[in-house]
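Hi,

Here is the structure I promised to pass on to you. Have a look at it first, and my notes follow underneath.

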Amino acid sequence: MIKREPNMIEDDKFDVESDRFSTVEIPETAHKISTDSWFQAGVVLTSGVNSVFVLGYSGTIMVHLGWIGGVVGLVLATAISLYANMLVAKLHEFRGKRHIRYRDLAAEIYGRKAYYITWALQYVNLFMINIGFLILGASSLKACYVLFVEEVTMKLPYFTAIAGFVCILFAISTPNLSSLRVWLACSTILSFIYIVVASVLAAKDGMNAPPRDYSIHGTTASKIFSIIGASSNLMFAFNTGMVPEIQATLRQPAVENMLKALYFQFTIGVVPMYAITFIGYWAYGASASTYLLSNVSGPVWVKAAANISAFLQSVVALHIFASPAYEYMDTKFKITGGAFELKSLTFRIVARGGYLVISSTVSALLPFLGDFESLTGALSTFPLTFILASHMYLVANKSSLSSLQQSWLWLNVVFFSCMSIAATVAAIRLIVVDSKKYHVFADV
């Protein structure tokens, strides 16, 4: 196992007001680093972008933006997200040392306060993404259940509990990101199954359906809030908020290999997501669901296979996005043993089990998927991926950037700050509206 040596970050050059000359201790990691190929990192990133969330983009993005807004928005979001992630990747070895966590990089550039602020933003981001995976995993299990049971008695919260339990078992048996190798292949196959099934069945429904309604419904005010929320979902769709953590697993040259992984994600990796999003909206128009497999018609066994594939992929994907939290807990308590060594196993049962019990409880309480996507994008994806990335790159490379490049980066900071504020207001409004419509532990 390769470990990073502990070090103290001194920010006597790049500082921020009261943080001048502050220091923050960066702990070594209990997880493996510097072992994986760029292709494995590319598959991890692609698994994220083609996770079970893609089954909802027809309903959470296209329905609120329409054909022109949706297509243009997806293309722009792809390009902007690639650019922002490249900025972060290029800072991985800032000042000649590897920064294996997002908060480590922020501390190197800004100081102590940025370390904790970035940490909070990232963990809010990943926690809410994991809530989304639990909601979708539960929805896929319920969709499979109703295919075979005429009198439905089990409600969504029960399936959320089942999904949470399976995620706990997987988290206990899979120590870290690098140990996902065989599971990444399984995740790719599972994604292929539900994306192909949903796309084919939706296309079949579309060809046999009467003309669809592609108009954007609602009052002027509700349309504006929905468009802002959908724009937040666009950014959520492409970004993990954990580029440094994934980059930490790469062999040298880490920057070059991460750029290759990002190129793979944002070219070949986005094709399946584009396909299912556009086909779903074409087939069902404004009635497209936030879980596309609930729209499609076809053989029961085919739909069941797709739903089970979606559930299993959500388990693997959740583990990817929960790994920074797991890494923190393992490092904090010096858990370095093998997957089934007694001390390590006991700790993972307690720590990871507790984390997922809390996540599952929140998922069951407020199962409003589209709202959580919007709020996640607003509160953390915008700040982490766009605002912070642009400003960090500006601060770290200010002396070598032209005035035009500096102006461009400042424009990104200002624009996405405004978007973040607007999207937060829109997302909170959506949650308030849906909370009035549904009770807690709702069966949606």
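To begin with a quick one: is valine 350 buried or exposed? With a relative accessible area of 60%, valine 350 is exposed, where exposed means over 50%, buried under 20% and partly exposed in between (1.4 Å probe, protein chains only). This residue is found in helix α12 (residues 342–365); helices (H or I, at least four residues) and strands (E, at least two) are DSSP runs numbered from the N terminus. Valine 350 and isoleucine 172 are 178 residues apart in sequence, yet their C-alpha atoms are 9.3 Å apart in space.

Some housekeeping before the rest. This is a predicted model, in which local features need pLDDT of at least 70 and side-chain atom pairs count only at pLDDT 80 or more, while totals for chains, interfaces and linings use all residues. Residues are numbered from 1 along each chain as its sequence is written, and side-chain values use heavy atoms, with hydrogens and water left out.

**Overall picture**

The chain has 14 helices and two strands. Of its 444 residues, 58% are buried. Taking contact as heavy atoms within 4.5 Å, 82% of the contacts between residues at least 6 apart in sequence join residues at least 24 apart.

The largest nonpolar core has 124 residues; such a core is a set of buried Ala, Val, Leu, Ile, Met, Phe, Trp, Tyr and Cys residues joined through side-chain atoms within 4.5 Å. Leu55, Ile109, Phe238, Met258, Met273 and Met392 touch the most other members. Helix α11 (residues 300–332) gives the most to this core, with 14 residues.

**Around α3**

All eight residues of α3 are buried, so this helix is largely enclosed by the rest of the structure. Charged names appear on its buried list, including Arg103, Asp104 and Glu108. Methionine 392 touches Tyr102, Leu105, Ala106 and Ile109, along with Leu91 and Tyr110, not counting residues up to four places away in sequence.

Two backbone angles in this region may interest you. Most residues other than glycine have a negative phi, and most peptide bonds are trans. Arginine 95, in the loop between α2 and α3 (102–109), has a positive phi of about 60 degrees although it is not a glycine. Arginine 95 is partly exposed, at 34% relative accessible area. Just after α3, glycine 111 takes a positive phi of about 125 degrees.

**Into α9**

A cis peptide bond joins glutamine 252 and proline 253, with omega about 0 degrees. Proline 253 sits in the loop between α8 and α9.

How far apart are the end C-alpha atoms of helix α9? They are 18 Å apart, which agrees with the 18 Å that its 13 residues (254–266) should span at 1.5 Å a residue; the expected span is 1.5 Å times one less than the number of residues. Of those 13 residues, 10 are buried, among them Asn257, Met258, Leu262 and Phe266. The buried residues of α9 pack against α1, α2 (57–90), α7 and α8 (243–247).

From the α2 side, asparagine 85 is buried, with a relative accessible area of 5%. Asparagine 85 touches Leu262 and Phe266, as well as Asn239, Val243 and Thr385, leaving out residues up to four places away in sequence.

**Cavities**

A cavity here is a set of points on a 1 Å grid over the protein atoms alone where a 1.4 Å probe fits but cannot get out, and lining residues have an atom within 4 Å of a point. Grid points are joined across faces, edges and corners, and a volume is the space filled by probe spheres set on the points. The count comes to four cavities of 30 Å³ or more.

The second largest has a volume of about 100 Å³. Of its 15 lining residues, Gly48, Phe236, Ala237, Asn239 and Phe321 are the closest to its centre. Two or more lining residues come from each of α1 (38–49), α4 (112–148) and α7 (220–238). By class, the lining has 10 nonpolar, five polar and no charged residues, with Ala, Val, Leu, Ile, Met, Phe, Trp, Tyr, Cys and Pro counted as nonpolar, Asp, Glu, Lys and Arg as charged, and the others, Gly among them, as polar.

Best wishes

Key: On a 1 Å grid over the protein atoms alone, a cavity is a set of points where a 1.4 Å probe fits but cannot get out, and a pocket is an open set with protein on both sides within 12 Å along at least five of seven lines; lining residues have an atom within 4 Å of a point.
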